[in-house]
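Colleague: I am new to this structure. Please take one part, the second largest pocket, and walk me through it closely. Then show me what surrounds it.

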Amino acid sequence: MRKIGVVGIGHVGVTVAHIIIAQGLADEIILVDKNPEKLASEELDFRDAASLLDHHVEVHAGTAKDLADAEVVISALGHIELIKPGGDRFTELKANTPEVQQVGSDLKQAGFNGVLIVISNPVDVITGIYQKATGFPANQVFGTGTYLDTARLKRALGDTLAIDPRGISGYMLGEHGDSQFAAWSTVKALGKNADELVKLYNINLDKVAEAARVGGFTVFAGKKYTNFAIAHAAVSLAKLVLSNARREAIVSHYDERFEGYISTPAIIGRDGVTAEFDLQLTDDEKVLLQKSANAIAEKTAAYL
């Protein structure tokens, strides 16, 4: 039986749950939140929709104790109200840390031994805190990281070229934050690499990369939260785990080179990060990746 848990039923968590239920990706979904009234309301709302859906999914409000036999748990808890327009995701760190430590401890005590996918920000640091709190092998705990920023890069470049973003390959790397960067050496579209695209279509690569980097805050500025894109990113990764896809993805996972969590290449399957692979980055891109790792460490020290 496919069982998924979602911890934190705010804007993002409830959207994650909605996608899972609407697509029939689980046989049972457990919703966990510290607000019992909100939790009960969301459970009932989903159950009221049951007769209208194409898939049967058991929806239950619960606690970490109910997640012992879940295959995947997605952490969407957070304090989005602490982020200012154009600000930094690290402003959530102090508020999220104790809650994450508690949830991680609760999952460990419950006997959960599946894969934990982290959305909560700042995701690179929070994912590491979860790994320590649960005591899980690092491969079983990974974050969405720049998987979403990569989607934003494809959207921005797709808009520029007037093509479907699904026809674009390539990655944003590093921190899910200000120090992320477009690894243009990895990007291809219309059968051309980035240098060729610049020559043929007069593209400003810096402008495209910046649109991807600030994409989340652009959405945030209008509605004071983001939910759809990040929810789809998390569910997309959960599907890779559930199907043992062993597919490449750029996610925030433990990278020994930087002694911490950062978005670099990984293979995602039933056990989480099942392998890693190298990108042939330019020397400049290698420097940017190291700078991003340094930025994560420096901001962690400053905010905690």
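Modeller: In this predicted model, 20 residues line the second largest pocket. Nearest its centre lie Y147, T150, A151, K154 and R247. The space inside comes to about 590 Å³.

Which elements build the lining of the second largest pocket? Four of them each supply at least two residues: α5, β7 (169-173), α9 (228-242) and β10 (247-255). The most comes from α5, which gives 5 residues. By class, the lining holds 10 nonpolar, 6 polar and 4 charged residues.

Stay with α5 for a moment. This helix covers residues 146-161, and it also has a part in the largest pocket. There, α5 supplies at least two residues of the lining, as do α1 (11-23), α3 (93-110) and α8 (215-223). The largest share is that of α3, with 7 residues.

Now the largest pocket itself. It encloses about 1,000 Å³ of space. Its lining counts 45 residues, and G8, A76, L77, G78 and S120 are the closest to its centre. By class, that lining splits into 17 nonpolar, 18 polar and 10 charged residues.

Back to α5, which also packs against another helix, α7 (residues 205-213). How are the two helices set against each other? Their axes are 8 Å apart, at an angle of about 135 degrees. An angle over 115 degrees that does not exceed 145 falls outside the roughly perpendicular and roughly antiparallel ranges. The pair α5 and α7 is therefore oblique. The crossing of α5 past α7 is right-handed.

Which residues make this contact? From α5 come D149, R152, L153, R155, A156, L157 and T160. From α7 come V208, A209, A211 and A212. By class, this contact of α5 with α7 has 7 nonpolar, 1 polar and 3 charged residues.

What follows α5 on the way to β7? A loop lies between α5 and β7, and A162 sits in it. The backbone of A162 deserves a look. Its phi is near 60 degrees, a positive value in a residue other than glycine. Both elements that flank this loop, α5 and β7, supply residues to the lining of the second largest pocket.

One more backbone detail, this time in another loop. N121 and P122 are joined by a cis peptide bond, with omega at about -10 degrees. P122 lies in the loop between β5 (115-118) and α4 (123-134).

To recap the part you asked about: the second largest pocket has 20 lining residues, and α5 gives the most to that lining. The helix α5 also contributes to the lining of the largest pocket and packs with α7.

Definitions and conventions
Residues are numbered from 1 along each chain as its sequence is written. This is a predicted model: local features need pLDDT of at least 70, side-chain atom pairs count only at pLDDT 80 or more; totals for chains, interfaces and linings use all residues. Side-chain values use heavy atoms; hydrogens and water are left out. On a 1 Å grid over the protein atoms alone, a cavity is a set of points where a 1.4 Å probe fits but cannot get out, and a pocket is an open set with protein on both sides within 12 Å along at least five of seven lines; lining residues have an atom within 4 Å of a point. Grid points are joined across faces, edges and corners, and a volume is the space filled by probe spheres set on the points. Helices (H or I, at least four residues) and strands (E, at least two) are DSSP runs, numbered from the N terminus. Ala, Val, Leu, Ile, Met, Phe, Trp, Tyr, Cys and Pro count as nonpolar, Asp, Glu, Lys and Arg as charged, and the others, Gly among them, as polar. Axes are lines fitted to C-alpha atoms, for helices over the stretch in contact, and angles run from 0 to 180 degrees between N-to-C directions. Angles under 35 degrees count as roughly parallel, over 145 as roughly antiparallel, 65 to 115 as roughly perpendicular and the rest as oblique. A crossing is left-handed if the near helix is turned anticlockwise from the far one by less than a right angle, and right-handed if clockwise. Contact means heavy atoms within 4.5 Å.
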